[in-house]
Every structure is written in structure tokens, then in C-alpha cells.
Amino acid sequence: MQETGNKTFQQASRQMDERTIRQAGEWTSRQADKQASGLSARKRPRLTIRIGRHTLSFSAVDANNANGIVFEPYTVRSGISMAANLREAFKEIDLAANGWSRAMVLIDSPVLMMPVDEFRDNLKETLYRHAIMGHDGETVMSVVLPSLNAVAVYSINKDLKLVLDDHFSDVRFTHVCAPVWEHLYRRSFTGVRQKLYAYFHDKRLDVFSFQQNRFRFTNSFDTNLVPDAVYFMLNVWKQLAFDNRRDELHLVGELPERDALTQELRSFIQNVYVINPKAEFNRAPITGINNLPYDLMTYFMKY
């Protein structure tokens with residue numbers, strides 16, 4: 001009897017061990033699948049969509065491309081909304097038709113800049129609509145700028161956002177100037193002179209300056225004309241009490257009439273510089289792409 005009991009016990013133990021091993025194997029397999037799935041999701045690239053006021057482009061990292069990325073601008077059709085243009089672009093642009101499930105969208109719209117310690121997500125829409133007029137029918141969004149201890153609050157057309165949300169399972173948003181602010185903030189540490197930056201894009205001029213780890217000044221002006229641009233920059237320069245002989249003004253982006261602009265500015269400010277992306281990024285292949293906006297360069301150079 002004792003021997004029979006021992007055998008029964010040993011058989012039960014073996015069955016239990018086999019079941020435990022099998023369950024452990026199944027659990028390990030499930031965990032491996034989850035990890036592989038998560039790794040795959042993290043590695044899966046995003047289609048980058050840049051949406052200006054009158055421009056639209058698509059780009060993506062491509063290790064097989066000599067420039068490191070593929071860039072395809074889309075000719076926006078006047079008379080129809082940007083949302084309608086985006087729908088058409090998804091059909092016509094080769095890069096956009098590759099079955100992307102994830103996207104990063106850079107939006108150009110007016111910004112309300114707030115200190116991060118004063119930002120309240122539940123109040124951002126109210127504050128934005130009080131500060132920025134004419135965008136009542138848009139969705140208010142925000143992006144945190146950790147290096148600058150600031151939050152940029154901006155907006156996107158609701159129909160445009162709906163098209164993007166419907167087309168992609170995972171879509172993220174940021175402002176077109178966010179990578180430029182972050183990059184030029186790091187650049188501002190070179191030298192001891194105070195610096196004012198002017199970024200020209202989308203027939204808009206963004207003027208900003210940094211002090212320690214925050215914005216000292218930032219504002220945006222709708223202009224693509226030399227006299228207006230000079231007036232706005234000199235007004236900010238005076239407001240910040242910069243030294244005409246010592247401090248520096250740095251211009252970057254799609255400069256209107258570059259020679260005329262720099263000549264006019266140098267009659268008032270001694271140190272005026274135009275940032276050359278090829279020199280800025282040590283002749284990185286991405287700088288060889290024609291008409292690639294500076295904000296996209298700074299965005300992709302993070303990788």
C-alpha cells in the first residue's frame with residue numbers, strides 16, 4: 001500500500017511539474033510576444049506631415065535614401081480647405097500611400113506661450129481664445145518644451161484633425177517651431193553675447209530670444225516683406241535693450257530678399273548673421289534636400 005501511495009504521489013507530482021512547466025512556458029511565450037510587439041511598435045516609423053497655412057508636405061526617415069529621409073511636398077489647391085487637400089494628398093502622394101499607421105504632424109498656427117509652472121490643461125482653451133482671435137472653430141492643443149520650462153499652446157482646424165485621426169491609428173502633434181526653439185536654445189549657449197533669433201517661414205516671422213533656461217521674448221508677425229520684417233526685428237531689439245555693437249541677430253529660414261534684408265539690418269546692427277544649414281549641421285545629407293524647411297531639418301536631426 002505504501003508503495004502504491006508513493007507511486008500515485010510521484011505521478012501526481014510529475015503531472016503537476018509538467019503542467020507548471022507548460023504554463024510557465026506559455027506565460028514566457030506570451031511575455032515574449034508582448035515584448036516583441038512593443039518593440040515592433042516602438043521601431044515602426046512615423047510618417048511626418050508638415051501643415052503650413054498654405055503648404056503641405058510629407059517626409060519619413062529612410063536609411064536607403066542618400067539624404068537620410070524622403071521628402072515629398074504637395075501642391076496645395078486654392079479654393080478648397082486644407083482638410084480636403086490632405087484627403088487628396090493621401091491619394092496622390094506616393095509616400096503617403098504606403099500604408100502608414102503612425103504619424104507625426106507639425107502644425108503652423110498662432111501660439112500662446114505659457115510658463116510650465118503656470119500652465120493648467122483645463123484652462124488652456126479659455127486662455128488661448130482670449131489671447132488669439134479668429135480661431136474659435138479649432139481644437140486647442142499644447143506641447144511642452146522641457147528645456148525652456150514653457151508650454152506652447154496652439155490650435156488645429158477640427159476637420160483637419162478629424163481627417164488625420166481617421167487615417168492613422170496613432171497620430172501625434174506638435175508646433176512647427178517647437179524643434180527650432182529647442183535647437184536654437186541649445187545653440188544660444190555658444191559665446192557670451194546676447195542673441196536675438198528671427199525664423200522666416202510660411203510668410204511669417206517668428207522672433208525670439210532666450211535667457212538662462214527660458215524664453216526672454218517670443219512673438220510672431222505675419223509678413224514676408226523686407227521693410228516690415230526690419231521694423232519688427234528692430235522694435236524687438238530696442239524693447240530688449242540689446243547693444244547694437246556687441247549683441248547678435250541671427251536670421252534663418254526662407255529669408256525674403258536676403259541681400260536687401262541683411263544690408264538694411266546691418267545699417268543699424270553690427271552683428272547680423274544668416275544661419276547656413278549646411279554649416280550648421282556639418283554638411284549632413286539632409287541639408288542637400290531642396291526646399292526642406294528648417295524646422296523639419298531640426299526635427300529630423302534629433303534622430
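This passage describes the sheet and the salt bridges of a predicted model.

In the predicted model, an open sheet is built from five strands, which follow one another in the order β3-β2-β1-β4-β8 with mixed pairing. The edges of this sheet are occupied by β3, spanning residues 69-74, and by β8, spanning residues 170-175, each of which pairs on one side only. From one strand to the next, the twist averages 20 degrees. The pairing of β8 is with strand β4, residues 102-107, and runs in the parallel sense over six bridges; within this pairing, Val105 has Phe173 of β8 as its bridge partner. Helix α4, residues 158-167, packs on the sheet and touches β1 (47-51), β4 and β8, its direction making about 145 degrees with that of β8.

The count of salt bridges comes to 15. One of them involves the edge strand β8, where the side chain of Asp170 meets that of Arg46 with an N to O distance of 3.0 Å. Because Asp170 belongs to strand β8 whereas Arg46 lies in the loop between α1 (2-43) and β1, this pair ties together parts that are 124 residues apart in sequence. The two partners may also be described by their accessibility: Asp170, at 25% relative accessibility, counts as partly exposed, while Arg46 has a relative accessible area of 13% and is buried, since the limit for a buried residue is under 20%.

Two further salt bridges are formed by Arg77, a residue of the loop between β3 and α2. In one, the side chains of Arg77 and Glu88 meet at 3.9 Å, N to O, a value that falls within the 4 Å cut-off for a salt bridge. Glu88 is located in helix α2 (residues 82-92), and the pair links distant parts of the chain, 11 residues apart. In the other, the closest N and O atoms of Arg77 and Glu92 are 2.6 Å apart; Glu92 is likewise placed in helix α2, and here the partners are 15 residues apart. With regard to accessibility, Arg77 is partly exposed, having a relative accessible area of 37%, and the descriptor partly exposed applies also to Glu88 at 25% and to Glu92 at 39%.

Elsewhere, salt bridges that share partners join Arg53, Asp108, Arg204 and Asp222 into one network.

Definitions and conventions:
Residues are numbered from 1 along each chain as its sequence is written. This is a predicted model: local features need pLDDT of at least 70, side-chain atom pairs count only at pLDDT 80 or more; totals for chains, interfaces and linings use all residues. Side-chain values use heavy atoms; hydrogens and water are left out. Two strands pair if DSSP finds at least two bridges between them. Helices (H or I, at least four residues) and strands (E, at least two) are DSSP runs, numbered from the N terminus. Axes are lines fitted to C-alpha atoms, for helices over the stretch in contact, and angles run from 0 to 180 degrees between N-to-C directions. Contact means heavy atoms within 4.5 Å. Buried means under 20% relative accessible area, exposed over 50%, partly exposed in between (1.4 Å probe, protein chains only).
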